[in-house]
Amino acid sequence: MREIDSTMRVTGRVAALTTAVGASTRPAGQKKDGTTMFFDPMYFVFMLPGLLFMLWAQHRVKSTYQKFSKVPNDAHLTGAQTARRVLDSAGLQQVAVERVPGELTDHYDPRSRVLRLSDGVYSVPSVAAMGIAAHEAGHAIQHARLYAPMQWRTAIVPVTNIGSNLGIFVLIAGLLLAQPTLAWVGVGLFGLATVFALLTLPVEFDASNRAKQALASSGMVNVAEGKGVAQVLGAAAWTYVASFAASLLTLLYYVSLVTGMSRSQE
Ligand SMILES: [Zn+2]
């Protein structure tokens with residue numbers, strides 16, 4: 001639930017860096033005045049839709065969460081109790097459920113095999129809390145069942161972290177030094193973050209499907225509550241789609257910068 005914030009941070013930092021690069025790679029003749037130097041229209045063409053999509057998704061998940069946080073569930077089960085039941089019925093008694101501060105900070109930690117639920121989920125018997133708790137339990141079940149997309153994602157985490165940070169600087173170095181090969185290496189390194197965002201999609205969709213199935217089959221939710229859970233988890237899913245779209249658009253922007261540089265060298 002919490003990955004969107006880090007994506008927003010990266011996108012913001014990239015914004016500052018690439019605007020400078022976009023200006024520096026432009027032929028001198030196009031700089032009509034001081035303003036154009038720091039304004040790359042292509043940057044907005046590529047980045048703005050992704051950012052707007054992410055803001056929309058984030059707003060939607062927050063409003064849906066707030067709406068269903070106010071709807072109590074008939075079984076009077078808190079998020080912590082829901083997670084415990086889903087985990088136990090999957091034979092995961094050893095996975096602990098803990099409380100974590102913040103809003104929508106819920107996550108499953110695969111290293112310590114602990115499920116952490118935020119204040120508004122852990123101790124609140126709402127429809128939203130049930131859905132989110134069951135979703136996080138779904139991640140613990142994926143981990144225990146060696147769900148392949150989750151394993152692939154975990155495997156590329158170290159290179160993704162290095163790649164997405166280093167990639168931007170390698171790209172900028174390549175553009176400033178007019179070295180297309182170096183710039184393409186930078187694009188490739190950043191592309192790892194896009195692959196990560198892509199692999200996140202099946203992992204998140206599958207966790208939500210497991211959650212809805214577990215809640216329905218155990219009889220913890222009635223039909224109306226099941227629909228509420230589906231709305232909360234559906235809204236959360238859009239944030240991951242938006243993150244991937246924003247990452248892909250950023251990648252395409254970088255590709256356009258490098259191909260533009262390569263063309264101007266011919
Ligand atoms: Zn998730």
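Arginine 113 is found in the loop between S2 and S3, where helices (H or I, at least four residues) and strands (E, at least two) are DSSP runs numbered from the N terminus. Although it is not a glycine, arginine 113 has a positive phi of about 50°. The loop belongs to the hairpin of S2 and S3, with four residues between the strands. Arginine 113 is partly exposed, because 14 other C-beta atoms lie within 10 Å; a residue counts as buried if 20 or more other C-beta atoms lie within 10 Å of its own, as exposed if 12 or fewer, and as partly exposed in between, with C-beta atoms placed from the backbone.

A word on the model helps here. The structure is a predicted model, in which local features need pLDDT of at least 70 and side-chain atom pairs count only at pLDDT 80 or more, while totals for chains, interfaces and linings use all residues. Residues are numbered from 1 along each chain as its sequence is written.

The protein as a whole contains nine helices and three strands, arranged along the sequence as α-α-α-α-β-β-β-α-α-α-α-α. Of its 266 residues, 42% are buried. Contacts (C-beta atoms, placed from the backbone, within 7 Å) often bridge long stretches of sequence: among those between residues at least 6 apart, 75% join residues at least 24 apart.

The three strands form an open sheet in the order S1-S3-S2, with mixed pairing. S1 and S2 are the edge strands, each pairing on one side only, and the twist averages 30° from one strand to the next. Two strands are taken to pair if DSSP finds at least two bridges between them. Strands of a sheet pair through backbone hydrogen bonds, either parallel or antiparallel. Here, S1 (residues 96-100) runs parallel to S3 over five bridges, and glutamate 98 has arginine 116 of S3 as its bridge partner. On the other side, S2 (residues 107-109) pairs with S3 in the antiparallel sense over three bridges. Aspartate 109 stands opposite valine 114 in S3, and tyrosine 108 has leucine 115 of S3 as its bridge partner. Two helices pack on this sheet. H4 touches S1 and S3, its direction making about 155° with that of S3, whereas H6 touches S2 and S3, its direction making about 160° with that of S3; axes are lines fitted to C-alpha atoms, for helices over the stretch in contact, and angles run from 0 to 180 degrees between N-to-C directions. Strand S3 (residues 114-118) is largely enclosed by the rest of the structure, because four of its five residues are buried.

Helix H6 (residues 127-144) is likewise largely enclosed by the rest of the structure, because 16 of its 18 residues are buried. Its end C-alpha atoms are 26 Å apart, which agrees with the 26 Å that 18 residues should span at 1.5 Å a residue; the expected span is 1.5 Å times one less than the number of residues. H6 is followed by leucine 146, whose phi is positive, near 55°. The axes of H6 and H8 come within 7 Å and cross at roughly 115°. The residues of H6 that meet H8 include Met130, Ala134 and Ala137, and those of H8 on the other side include Val203, Ala207 and Ala211.

The largest nonpolar core has 69 residues, and among those with the most contacts inside it are Ala83, Met130, Ala133 and Val232. A nonpolar core is a set of buried Ala, Val, Leu, Ile, Met, Phe, Trp, Tyr and Cys residues joined through C-beta atoms within 7 Å. Among the elements that each supply at least two residues of this core are S3, H6 and helix H8 (180-217), and H9 gives the most, with 15 residues. Leaving aside neighbours within four places in sequence, alanine 133 is in contact with Gly79, Ala80, Thr82, Ala83, Leu117 and Val121.

Two further residues round out the picture. Histidine 76 lies in the loop between H3 and H4 and has a positive phi of about 55° although it is not a glycine. Histidine 76 is exposed, because 8 other C-beta atoms lie within 10 Å. Methionine 42 has its place in helix H3 and is partly exposed, with 14 other C-beta atoms within 10 Å. The C-alpha atoms of methionine 42 and leucine 257 are separated by 9.1 Å, although these residues are 215 apart along the chain.

Methods:
Contact = placed C-beta atoms within 7 Å.
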